[in-house]
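Reader: Hello! Could you pick one part of this model and take me through it closely, then tell me how the rest fits around it?

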Amino acid sequence: MTTRRDVRCDVVVIGAGAAGMMCAATAGLRGRRVLLIEHYPVLGEKIRISGGGRCNFTNVNAGPGNFLSQNPDFCKSALARYTPRDFVALMERYRIGYHEKKLGQLFCDDTARDLIAMLKAECDRGHVLWRMPCPVDGIAHEGAVWRIATPMGAVRADSVVIATGGLTVPKIGATPFGYRIAEQFGLAVVAPSPALVPLALPPDALLRYGDLAGVAVDVEVTCGEGRFRENLLFTHRGLSGPAILQISSYWNGKAPLSIDVLPGIDAETFLGGERTSPARLDNVLARRLPQRFAQAWCAARESMLPMKQFSERRLRDIAAQLQNWALLPSGTLGYNKAEVTLGGVDTRGLSSKSMAATNVPGLHFIGEVVDVTGWLGGYNFQWAWSSGHAAGMHA
Ligand SMILES: Cc1cc2nc3c(=O)[nH]c(=O)nc-3n(C[C@H](O)[C@H](O)[C@H](O)COP(=O)(O)OP(=O)(O)OC[C@H]3O[C@@H](n4cnc5c(N)ncnc54)[C@H](O)[C@@H]3O)c2cc1C
């Protein structure tokens with residue numbers, strides 16, 4: 001049974017995910033009286049399931065170029081004030097082991113639970129008060145004071161920080177709460193959509209490539225401003241793997257992806273060197289590509305023929321297609337399978353230093369709810385730490 005009790009504090013943080021805990025601890029350690037409200041009964045679930053249970057908690061190379069936003073410069077200030085090095089120093093203070101997997105991606109040696117415990121301990125050091133599990137019924141601005149209504153009683157505070165994240169994985173607590181609050185107080189919201197998400201293929205493409213589920217191909221994939229060299233993984237429903245997750249954030253739902261399945265190789269020269277060979281095209285390609293993929297790709301073009309049967313022109317055409325395979329997905333697998341939400345609270349209405357709404361004193365937005373979306377590889381947690389710290393220093 002819950003008891004209703006009204007309280008007064010300096011800062012209320014709503015959402016005890018990565019950004020919310022970082023913000024609450026930072027503000028608490030500055031001597032602010034902080035209350036953290038979380039509606040989900042288990043703390044840090046998204047951190048726990050991230051990075052295969054080891055949480056890819058930052059990327060040593062994180063910089064503004066690794067983020068998508070309608071306002072690309074917005075993230076610069078927070079990222080510069082609280083860097084991957086700062087978070088690593090915190091991990092080291094708590095003696096949590098970590099290692100670099102690839103491309104600057106840092107993971108916990110043991111389990112993401114260590115990181116959750118560290119954030120909780122930092123909140124304890126900052127004497128943060130908790131209401132959890134506890135939903136928020138509504139927020140109102142009464143003069144200079146914020147009033148947050150909850151079933152456990154009202155909270156009054158000078159500042160309120162919205163750290164309720166995006167829409168991914170609703171079964172562990174995601175809600176559109178942050179967007180609704182932004183709209184309530186007149187802030188614009190860039191339409192959210194799933195990102196870092198597997199892509200579905202239409203039935204005709206699935207017929208050709210669906211049997212390849214589990215096959216990975218090293219590709220360079222391009223779409224809009226995005227270009228990534230990583231693995232593409234075929235699945236029963238379409239495409240996944242790091243290359244696809246990365247490019248999904250740049251896919252507008254209409255334009256085909258351009259896939260180079262022989263990155264770093266001049267396909268025309270490679271195939272030209274085999275022009276008189278009796279070997280079949282798919283077998284020649286299988287020297288550089290997984291055999292099953294080479295077969296499916298050639299079968300789709302009725303090209304499982306000996307090399308010497310191709311005209312020079314046809315071979316040039318095949319080489320061009322290998323380096324620019326245009327593939328149009330039919331959609332994404334949605335918020336249940338996405339790692340992040342693209343879009344969110346429009347940063348043009350926020351201060352990059354404090355994350356506060358420019359026209360609504362004392363209302364801050366941090367983490368994924370904001371229109372700043374990182375690449376795959378630890379960037380999204382770094383944004384949570386950096387933006388959480390920025391608000392925690394000012395709220
Ligand atoms: C499967 C998966 C794996 C991932 N792996 C990585 C990774 O390895 N590296 C990386 O950088 N990023 C990863 N991400 C992305 C990363 O988890 C998020 O970007 C990050 O957690 C965002 O932090 P946040 O604090 O803004 O939001 P969240 O972590 O989503 O926290 C928001 C909190 O607010 C609470 N909340 C929501 N609505 C309300 C409400 N109305 N009232 C009260 N509380 C509310 C939620 O329950 C939640 O606890 C992964 C995401 C997923 C889904």
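**A close look at helix H12**

Author: Happily! Helix H12 runs over residues 312-323, and its twelve residues reach 17 Å from the first C-alpha to the last, close to the 16 Å expected at 1.5 Å a residue. That expected span is 1.5 Å times one less than the number of residues in the helix, and helices here are DSSP runs of H or I with at least four residues, numbered from the N terminus, while strands are runs of E with at least two.

Please keep in mind that this is a predicted model, in which local features need pLDDT of at least 70 and side-chain atom pairs pLDDT 80 or more, while totals for chains, interfaces and linings use all residues. Residues are numbered from 1 along each chain as its sequence is written, and side-chain values use heavy atoms, without hydrogens or water.

Back to H12: its buried residues (under 20% relative accessible area with a 1.4 Å probe, counting protein chains only) are Leu315, Ile318, Ala319 and Leu322. They sit on the same side of H12 because they cover an arc of only 100° around the axis, the arc being that of the directions from the helix axis to the C-beta atoms.

Another helix worth your time is H13, which holds Ser387. Ser387 is buried, with a relative accessible area of 0%. A polar atom of the Ser387 side chain lies 3.0 Å from the backbone nitrogen of Gly367, within the 3.5 Å allowed for N or O atoms in a polar contact; inside the protein, one atom must be able to donate a hydrogen and the other to accept it, and residues adjacent in sequence count only through side-chain atoms on both sides.

H13 also takes us to the ligand, since it gives the most to the surrounding shell, with three residues. A residue joins that shell if one of its heavy atoms lies within 4 Å. There are 29 residues around the ligand, and Glu38, Asn56, Thr175, Glu368 and Phe381 come nearest. A polar side-chain atom of Glu38 is 2.6 Å from a ligand oxygen, and a backbone N or O atom of Phe381 is 2.8 Å from an oxygen of the ligand. The protein covers 91% of the 1000 Å² of accessible area that the ligand has on its own, computed by the Shrake-Rupley method with a 1.4 Å probe.

Stepping back, the protein has 13 helices and 21 strands, and 55% of its 395 residues count as buried.

Notes:
Buried < 20%, exposed > 50% of the residue type's maximum accessible area, 1.4 Å probe, protein only.
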